[in-house]
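Q: Please take a close look at one part of this model, and then work outward from there.

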Amino acid sequence: MEKLKLRLKSEPVNRAKEISREIVEDLMGLISQHTTTSIERTVLRLFGITGADVDETPYVNIIVKQLEKKGVLETGAALYVLNACVHYHQEPEEIAKRVAEEGLDLSAIPMNDFDRINALSLELTQAAMEHIQSMKDKRDELLYETWSDPVRPYKYVIVATGNIHEDVIQAQAAAKQGADIIAVIRSTAQSLLDYVPEGATTEGFGGTYATQENFRIMRAALDEVASQQNRYIRLVNYASGLCMPEIAMMGAWEGLDFLLNDSMYGILFRDINMKRTLIDQYFSRLICAASHITINTGEDNYLTTSDAIEKAYAVTASQLINEAFALKAGMEPKYMGLGHAFEINPDIKDGLSYEIAHALLTRELFPQATLKYMPPTKHMTGDVFKGYAMNTMFNFVSVLTGQDIQLLGMLTEAIHTPFMQDRYLAVKNADYIFNNAFSLGKEFEISDDSFISKRAHQVLEQAIKLLEHTKEVGLMQSIEEANFADIKRTQTSGKGLDGVIRKSPQYHNPFEGAFKKLLKIETGYSEGGVW
C-alpha cells in the first residue's frame, strides 16, 4: 500500500530511539535479578503441568505457593519439581497431583544427582520448545502455503459474550462477514486474578475468561471458517495483568496470533505493581518473540484518561519505550503491534488534520511495525448516526496513512455489547473505505510547512523531552510523576509486589536461556547458576 510521508529528519528519530533504549537498559538489572510467582508458574506449565484441585486452584499455583512458604522459591520452581520427578520416577504432572492431593513437600525430598536432574530439564525444555516451534511452523504454512494472508489494513473485531461456546458462534459469524482478526475480550478484571482458570468457561462478565482450553476451542473454530474461505483468520487475546507470562505461554502453545502485551498498561490502568509488571513483561515477550506472536500495545488507553491533543506526545513516548522493551526481548519489528487511537474530540476544528498528523507520525517512526489503530470511543455519545460518521473518518485515516491493524468501530459503541449486525455494518464500512481509498496516499504529498507536518514534528519534540526527563529520573520515577496517561503509581503500591522474588545465585529457569539462545540475545547480566 502506498503511504503519505512526513519525511521526518533522522536526527530526532534516532535520538528518541536511543533515549528509549537507555531507559530500558537502566531497568535490565532489576529485571534480570528477579523472578515472579507468575514466571515460576509459567516454567511449570511449560514442563506440561496442567489441571486444578477440587477447589479449582491450579496445580501450578499450589506448587509455587508451597515453595514460596518454604522460602526456597528464590532458586526457582524447576529444581524442586524436577528433583521430585527423578526421585519418584514420575512425570511433572503426576508430581503436581501428589503435591495438591497428598501434600507432598517438594523441599523435603533429598536432592538427587544433578546430572540426572539436568538431563530431565533439558529433555522437557526441548520438548516444549519443539511444540512452540511446531505451532509457529503451522501458522506460517497456513498463512503462506495453504490459505492466504488478507490484505492490510486487517479488519479486527471483538467478541465478548462471557461464554466461550457463544463466542465461537459470534466469532465464526464475524469471520464469515469478512473480519480478518477476532479478539476474544477477557472477562472483566481477570488481569487482577493471580491464577488462570482451568478448562472451558461459560460465566465471564463483560468478556470470556482467558484459559488454555478456551484458546484451543476458539483456534479450532476460526481454522474451520478459514478452511471454508481459504484465508487465514487471526486470533487475539490478552497477556497482561498478574498472569502475563502464563497467558503468553498458553497463547504460544495453542497457536494464537496476537496478544495484547504492554510494558506499562497493567501499571497504569490496572494498578499492578510496576516492578512485578516490568519483570513479567520481559519474560512474556521472550515467549512472544520466540513464537512469532504479534504483541499489541495499549497506548490507545492513554487517550481515555488524557486529552488526545494535549498529551499526544505521551502516546509517542510510550510507543518508543514499548518498542525498546520488545527489541530487548529479541522481538522483530514486524511483530510489534504498537498502539494508537483516533480519539480527538470531533467538535474541534480541523480535528481530522490532527488525526492524520498523529497517525502519520506513528507510521513513520515505526516503518516495519504492524501498527494497531484503535477507533473512537471516548467521544461516542449514543448518536449512532454521528458515531457511524466518526468511524468512517477513522477508517479513511487508517487507509490513507498505511495502518496495519484496524480495530473496527461499532455502530452502537458505548451503548451495549455489539450485535452481530453491528459487526456486519462495521466490516462493510471498512470494506467500502479501504477499497475506494486504497491507493489515495500516493496521490498527495505533505509539505514541510503544512499544519500536518508541523504538528507531527511538534509531538515528536515533546515526546523527546518526556523521554529525556524519564531517562534522567528513571521510568519508575517518571510513572510516579504521572507523566503517562496522567495516572500516578508508586514503586511499592499496586497488586503483586509480594510475588516478586530476588533470584539466588543458584537460580535456574531453563526456558529463559532456551528462549534467549533461540533469539540470539546476549546480555551482560547474571541469570543465576547453571547446573
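Which residues of strand 3 lie on one side and which on the other, and are they buried or exposed?

A: First, the ground rules. This is a predicted model, in which local features need pLDDT of at least 70, side-chain atom pairs count only at pLDDT 80 or more, and totals for chains, interfaces and linings use all residues. Residues are numbered from 1 along each chain as its sequence is written, and side-chain values use heavy atoms, with hydrogens and water left out.

Strand 3 spans residues 181-184. Ile 181 and Ala 183 are on one side, Ile 182 and Val 184 on the other, and all are buried. Buried means under 20% relative accessible area, exposed over 50%, and partly exposed in between, with a 1.4 Å probe and protein chains only. Both faces of strand 3 are thus covered. In a regular strand the side chains alternate between the two faces of the sheet. Elements here are DSSP runs numbered from the N terminus: helices are H or I with at least four residues, strands E with at least two.

Next, the neighbours. Strand 3 runs parallel to strand 2, and 4 bridges join them. Two strands pair if DSSP finds at least two bridges between them. Tyr 156 stands opposite Ile 181 of strand 3. Tyr 156 also has a bridge partner in strand 10, Leu 407. Strand 2 and strand 10 (residues 405-407) run parallel, joined by 3 bridges. Strand 2 is itself mostly covered, with 5 of its 6 residues buried.

Now the whole sheet. It is open, has 9 strands and pairs in parallel, in the order 7-6-5-4-3-2-10-9-8. Strand 7 (336-337) and strand 8 are the edge strands, each pairing on one side only. Strand 8 pairs with strand 9 in the parallel sense over 3 bridges. There, Gly 339 stands opposite Lys 372 of strand 9.

The sheet leads to the largest pocket. Its volume is about 1,100 Å³. Of the 42 lining residues, Ile 185, Tyr 238, Tyr 265, Asn 301 and Met 374 are the closest to its centre. Strand 2 (154-159), helix 11 (265-270) and strand 9 (372-374) are the elements that give two or more residues to this lining. By class, the lining has 18 nonpolar, 16 polar and 8 charged residues. Ala, Val, Leu, Ile, Met, Phe, Trp, Tyr, Cys and Pro count as nonpolar, Asp, Glu, Lys and Arg as charged, and the others, Gly among them, as polar.

On a 1 Å grid over the protein atoms alone, a pocket is an open set of points with protein on both sides within 12 Å along at least five of seven lines, a cavity is a set where a 1.4 Å probe fits but cannot get out, and lining residues have an atom within 4 Å of a point. Points are joined across faces, edges and corners, and a volume is the space filled by probe spheres set on them.

Cavities come next. There are 6 of 30 Å³ or more. The largest cavity has a volume of about 100 Å³. Its lining includes Leu 303, His 340, His 358 and Val 459. Helix 14 (312-328), strand 8 (339-341) and helix 15 (351-365) are the elements that give two or more residues to that lining. The lining divides into 7 nonpolar, 4 polar and no charged residues.

Then the helices. Helix 20 (residues 510-519) is mostly covered, with 7 of its 10 residues buried. Among them are Phe 511, Phe 515 and Leu 519. The buried residues of helix 20 pack against helix 3 (37-46), helix 5 (77-88), helix 7 (114-146) and helix 12 (274-291). Contact means heavy atoms within 4.5 Å. In helix 3, 10 of 10 residues are buried. Gly 48 follows helix 3 and has a positive phi, near 100°.

Phe 515 also appears in the largest nonpolar core, as one of the residues with the most contacts inside it, alongside Leu 106, Leu 475 and Phe 484. That core has 180 residues. A nonpolar core is a set of buried Ala, Val, Leu, Ile, Met, Phe, Trp, Tyr and Cys residues joined through side-chain atoms within 4.5 Å.

Last, the backbone. Most residues other than glycine have a negative phi, and most peptide bonds are trans. The bond from Arg 152 to Pro 153 is cis, with omega near 0°. Pro 153 sits in the loop between helix 7 and strand 2. Asn 230 has a positive phi near 60°. Its loop joins helix 9 (212-229) and strand 4 (234-238). Asn 230 counts as partly exposed because its relative accessibility is 44%.
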